[in-house]
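I opened the model to look up its helices, its cores and how the pieces pack. My entries follow in the order I made them.

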Amino acid sequence: MINRRNFLILMAAGVFSIFTGCGENKVAGEKNFSMKDITLNSGYKMPRLGFGTWTLNNSQAEICVLNALKTGFRLIDTARYYGNEKGVGAGVRAAVNENFVTREEIFVTSKIMPGSYNQPDAAIDNSLDALNIGYVDLMLIHQPGANDEGVYKALERAVKAGKIRSIGISNYYTPADFERINRIAEIVPAVIQNENHPLYQNSKLQEYLKRYGTVIESWYPFGGRGNTEKILGNPAILEIAKLHKKTPAQIVIRWNLQAGYIVIPGSKNPAHIAENFNVFDFELSADDMKRIAAINKNRRFENW
C-alpha cells in the first residue's frame with residue numbers, strides 16, 4: 001500500500017512520471033496502439049478500457065460480463081446502486097471457471113451508494129458478499145453526500161484489511177471537490193469516475209490531478225440515453241470515423257484513451273460489446289485530437 005507521504009516521495013523521484021505524459025499532445029503523437037493498462041498511484045495496474053454495467057439486472061449482468069470478458073475486456077464496473085453486483089460476480093466467477101482468465105487478471109470496480117453512507121463499513125462488506133470474488137480491485141464513493149469523508153476513511157480501513165486494493169471517488173468535478181476528500185485522506189484517491197465525453201472534457205481537473213497521479217475515468221462516454229446522437233452524430237466525429245474506417249463509438253473510445261482517461265462503455269448487444277473493444281488497431285492523429293477537443297461545450301447531461 002502506498003500512503004500519501006510515500007506516494008509524494010515516489011512522484012518526486014519520477015516513479016510515477018507516467019502521469020505527467022498522459023495529455024493529448026504527447027499521447028497522440030506516440031505509436032502505442034495497445035494503451036491497455038495504466039499503473040495507478042496505489043501501485044496496481046488498471047485496464048484503460050472497461051465494461052460498464054449500469055442498467056443491467058443480475059441475470060443480464062452475468063451473461064454480459066462473461067461475454068465482455070470473452071471479448072477481451074478485463075475491467076468490469078458496477079455499483080451497489082445498480083443492483084447487479086451478484087450478477088457481475090457470477091459473470092466473473094463463470095469466466096474464471098472456464099479457465100480463459102484468472103481472477104487476478106480481472107479488475108472489478110464497485111461503489112458505495114449514498115443510502116449507506118451512515119454505515120460505510122457494513123456497505124463495503126455487503127458489496128464484497130454480493131460480488132463473492134474475494135476482494136474488490138477498486139471501490140469508490142458514488143457521489144458527494146453527508147458523511148462522505150467518513151465513507152472514505154472506511155475505504156481506507158478496508159484497504160488495510162485487504163478487502164479492497166485501490167480506492168477513489170465518483171462525481172467530484174472540481175479541484176475543490178477533490179481536495180475536500182483528499183485533505184482528510186491517508187491514501188491518495190487513485191481514480192475519480194465522472195461523466196466525461198467530447199461535449200464535457202474536464203481538462204482543468206485532469207491537469208490538476210496529475211500532481212497526485214489520480215486518473216479520471218469516463219462514465220457516459222457516449223452521453224447516455226437520449227444524448228448519444230449529440231456525440232456520435234457530431235460532424236467532426238463522423239468525419240474522423242470515416243477517415244479511419246471506424247464507427248463513431250470507436251472514435252470516442254479511442255479519444256478517451258489517447259486523452260489519458262479510463263473509459264467504461266456499456267451495452268447489452270454482443271456486437272456493440274465487440275465493437276467497443278476493437279479500438280487498439282488504429283491511432284487518432286494530433287489533428288484528430290484537436291478537432292475533438294474543439295467539440296467541448298463543458299456540457300454535462302446529469303446533475304449528480
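Before counting, I fixed my terms: helices are DSSP runs of H or I with at least four residues, and strands are E runs of at least two, both numbered from the N terminus. The model is predicted.

**Entry 1: overall make-up.** I counted 13 helices and 10 strands in the protein chain. The chain has 304 residues, and 56% of them count as buried. I then looked up contacts with a separation of 6 or more; residues 24 or more positions apart account for 77% of these.

**Entry 2: cores.** Which residues have the most contacts inside the largest nonpolar core? I noted Leu49, Phe51, Ile124, Ile141, Leu155 and Ile164, in a core of 76 residues. I also found a second, separate core of 15 residues, with Leu40, Phe107, Tyr173 and Tyr200 among them.

I picked Ile141 for a closer look, leaving aside its neighbours within four places in sequence. Ile141 is in contact with Ile112, Tyr117, Asp148, Val151, Tyr152 and Leu155, and also with Gly168, Ile169, Ser170, Tyr172 and Ile181.

**Entry 3: helix H7.** Ile181 turned up again when I listed the buried residues of H7, residues 175–182. The others in that list are Pro175, Phe178, Glu179 and Asn182. Why do these residues lie on the same side of H7? They cover an arc of only 160 degrees around the axis, so they share one side of the helix.

**Entry 4: H3 against H4.** I took H3 as residues 58–71 and H4 as residues 85–97. Their axes come within 7 Å and cross at roughly 35 degrees. The crossing is right-handed. From H3, the contact uses Asn58, Ala61, Glu62, Val65, Leu66 and Leu69. H4 brings Glu85, Lys86, Gly87, Val88, Ala90, Gly91, Val92, Ala94 and Ala95. By class I have 9 nonpolar, 3 polar and 3 charged residues in this contact.

**Entry 5: H3 against H12.** How do H3 and H12 cross, left-handed or right-handed? I recorded a right-handed crossing. The axes of H3 and H12, the latter residues 270–277, come within 10 Å and cross at roughly 40 degrees. On the H3 side I listed Cys64, Asn67, Ala68 and Thr71, and on the H12 side Pro270, Ile273, Ala274 and Phe277. This contact divides into 6 nonpolar and 2 polar residues, with no charged ones.

How values were computed
Residues are numbered from 1 along each chain as its sequence is written. This is a predicted model: local features need pLDDT of at least 70, side-chain atom pairs count only at pLDDT 80 or more; totals for chains, interfaces and linings use all residues. Side-chain values use heavy atoms; hydrogens and water are left out. A nonpolar core is a set of buried Ala, Val, Leu, Ile, Met, Phe, Trp, Tyr and Cys residues joined through side-chain atoms within 4.5 Å. Buried means under 20% relative accessible area, exposed over 50%, partly exposed in between (1.4 Å probe, protein chains only). Contact means heavy atoms within 4.5 Å. Axes are lines fitted to C-alpha atoms, for helices over the stretch in contact, and angles run from 0 to 180 degrees between N-to-C directions. A crossing is left-handed if the near helix is turned anticlockwise from the far one by less than a right angle, and right-handed if clockwise. Ala, Val, Leu, Ile, Met, Phe, Trp, Tyr, Cys and Pro count as nonpolar, Asp, Glu, Lys and Arg as charged, and the others, Gly among them, as polar. The arc is that of the directions from the helix axis to the C-beta atoms.
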